[in-house]
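Colleague: Could you take a close look at one part of this model, and set it against the chain as a whole before going into detail?

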Amino acid sequence: MRYWLFKSEPSTWSWDNQQAKGDEGEEWDGVRNYQARNFMREMAIGDRGLFYHSQKEKSVVGIVEVIAEAHQDSTTDDERWECVDIKAIASLKTPVSLEQIKAEERLETMVLVKNSRLSVQPVTPEEWDLITTMGGVKL
């Protein structure tokens with residue numbers, strides 16, 4: 001299993017929206033960055049992800065699971081753009097803010113810290129364990 005981080009602006013797609021989709025999940029559509037798309041191409045069913053609210057909140061708020069591998073993004077006819085489907089697994093008991101992540105020395109090389117604009121990014125098993133522990137959830 002691999003780990004990822006999915007960033008979303010809460011005003012566009014929030015954790016509440018994701019949870020409301022239940023086991024059906026939702027396409028992680030609209031990504032128009034080649035590096036983020038390529039990361040989605042690497043994902044496998046069962047991979048886990050951190051759900052991150054960007055903009056004002058800037059916090060990891062939940063955990064998702066990949067339920068469909070990369071496929072054509074339904075929001076475009078352009079074959080270059082693919083996406084995965086994800087479903088909500090659990091809310092963090094305590095959201096983990098970007099400020100907390102940046103303050104944690106063991107997370108200083110995390111992609112979120114080095115390239116905060118990338119909407120889909122890998123997370124190492126060590127980063128996953130640390131952030132989920134900080135958030136009060138162990139999966």
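Modeller: The exposed surface of the chain comes to about 7,200 Å², of which carbon and sulfur atoms supply 44%. The model is predicted, and the values here are computed from it. As for burial, 47% of the 139 residues of the chain count as buried. The radius of gyration is 14 Å, which agrees with the value near 14 Å for a compact globule of 139 residues. Along the principal axes, the C-alpha atoms fill a box of roughly 40 × 30 × 30 Å. The chain carries 17 positive and 25 negative charges, and the mean positions of the two sets lie 5 Å apart.

Five helices and six strands make up the secondary structure, and their order along the sequence is β-α-β-α-β-β-β-α-α-β-α. Among contacts with a separation of 6 or more, 69% join residues 24 or more positions apart.

The part I would pick is helix H5, residues 125-134, whose buried residues are Glu127, Trp128, Leu130, Ile131 and Thr132. A general point helps in reading that list: an α-helix has 3.6 residues a turn, so residues three or four places apart point the same way. What do the buried residues of H5 pack against? Their partners are the strands S1, S3 (48-53), S4 (59-72), S5 (82-97) and S6 (120-123), together with helix H3 (98-103). Just after H5, glycine 136 has a positive phi of about 80°.

Strand S1, one of these partners, leads on to the aromatic residues. The structure holds six aromatic pairs. In one of them, tryptophan 4 and phenylalanine 39 have ring centres 6.0 Å apart and planes at 50°; the pair is therefore tilted. Tryptophan 4 sits in strand S1 (residues 3-8) and phenylalanine 39 in helix H2 (residues 34-42), so that the pair links distant parts of the chain, 35 residues apart. Both tryptophan 4 and phenylalanine 39 are buried. Elsewhere, Phe6, Trp15, Trp28 and Phe51 form one aromatic cluster.

To return to H5: Trp128 is one of its buried residues, and the buried residues of H5 pack against five strands and one helix, namely S1, S3, S4, S5, S6 and H3.

Key:
Residues are numbered from 1 along each chain as its sequence is written. This is a predicted model: local features need pLDDT of at least 70, side-chain atom pairs count only at pLDDT 80 or more; totals for chains, interfaces and linings use all residues. Side-chain values use heavy atoms; hydrogens and water are left out. Helices (H or I, at least four residues) and strands (E, at least two) are DSSP runs, numbered from the N terminus. The radius of gyration is taken over C-alpha atoms; the globule rule is 2.2 Å times the number of residues to the power 0.38. Buried means under 20% relative accessible area, exposed over 50%, partly exposed in between (1.4 Å probe, protein chains only). Contact means heavy atoms within 4.5 Å. Accessible areas come from the Shrake-Rupley method with a 1.4 Å probe; for residues, only the protein chains shown count as cover. Lys and Arg count as positive and Asp and Glu as negative; His and the chain ends are not counted. The place of a charge is taken as NZ of Lys, CZ of Arg, CG of Asp or CD of Glu. Rings of Phe, Tyr and Trp (its six-membered ring) pair if their centres lie within 6.5 Å; planes under 30 degrees apart count as stacked, over 60 as edge-to-face and the rest as tilted.
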